[in-house]
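Okay, thanks for coming, everyone. Today I'd like to walk you through the empty spaces in one protein, and then one pair of helices.

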Amino acid sequence: MTEIEFWQLVTRETPAQDQVSLADNLKSKLASLSDQELLEFDKIFGQQMRRAYFWSVWGAAYIITGCDSEYAFAEYRCFLISLGKDWYDKVIANPDDIGQLAQWPEKDGYAYPFVDEYDLIAGQLFEDRTGEELPFVPSGKATPQGKKFTTKKKQLKLAYPQLSQKFPF
C-alpha cells in the first residue's frame, strides 16, 4: 500500500460528510483489501496519527469544541486524516489553518470535528477475517510534542486568530 492509496481510501467526500457514511465508506473500501494490505493501511494510519500528535494541533481542537481528553484528541486527529492529505498537511504545518475550512460535520447544530474509532476499522476487519488482532502501535508518545497550549483566552486568540474568530469563546 502506498501513501497515495492510503489517502484515496480515507478521504471523505465532503468536509461535512456525516460520521456514519464516512465509516461505512471506509469499511466497504477496506473490505476488498488483502490481509497484508489491511496491515499496511493500519501502519500508515498509525503513522499519520503520530504525526499529528502535537499540543498545537490539540489547541486547535480545544478552541473548536473544548477538546479536553486524550480520547477526543484521537478522534480529532482521525477527523484531520479524513479531510485528506492536502488539508491534513496544511493543518499539521499550521493548526490555525483549519479555521479556513468552509464546511464542518455538525452535531446538534455545532461543529463536530471528530470521527469515532475511524482508526480501528482496519483492525476490526482484520480480526473478523483472521481471528487475530493487528499489532498494537500507540498513536503517540506519552505526551504530545511541542509546548502545551494555554487555556487563557488572550493567548489562545493570539496563537489561533482564525479559529478564535470562527469559534468565539
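Let me start with what I mean by a cavity: on a 1 Å grid over the protein atoms alone, it's a set of points where a 1.4 Å probe fits but cannot get out. A pocket, by contrast, is an open set with protein on both sides within 12 Å along at least five of seven lines, and lining residues have an atom within 4 Å of a point. Points are joined across faces, edges and corners, and a volume is the space filled by probe spheres set on them.

A word on the source: this is a predicted model, where local features need pLDDT of at least 70 and side-chain atom pairs count only at pLDDT 80 or more, while totals for chains, interfaces and linings use all residues. Residues are numbered from 1 along each chain as its sequence is written, and side-chain values use heavy atoms, with hydrogens and water left out.

So, how many cavities of 30 Å³ or more turn up in the whole structure? Just one, and the space in it is about 40 Å³. Around it sit, among others, Leu9, Arg12, Leu26 and Tyr118. Helix 2 gives the largest share of that lining, four residues. By helix I mean a DSSP run of H or I, at least four residues, numbered from the N terminus.

Now the pockets. The largest holds about 640 Å³. It has 25 lining residues, and nearest its centre you'll find Asp42, Asp119, Leu120, Phe136 and Val137. Helix 3 (35–51), helix 5 (70–82) and helix 7 (121–130) each give two or more residues to that lining, with helix 3 giving the largest share, six.

The second largest pocket is about 150 Å³. Its lining includes Gln19, Lys27, Asp116 and Ile121. Here helix 2 (19–31) and helix 7 give two or more residues each, and helix 2 has the largest share, five.

Last, the helix pair. Helix 3 packs with helix 6 (residues 85–93) at about 30°, the axes being 11 Å apart. Axes here are lines fitted to C-alpha atoms over the stretch in contact, and angles run from 0 to 180 degrees between N-to-C directions. The two helices are therefore roughly parallel, a label for angles under 35 degrees. Gln48, Met49 and Arg51 of helix 3 meet Tyr88, Asp89 and Ile92 of helix 6, where contact means heavy atoms within 4.5 Å.

Technical notes:
Angles under 35 degrees count as roughly parallel, over 145 as roughly antiparallel, 65 to 115 as roughly perpendicular and the rest as oblique.
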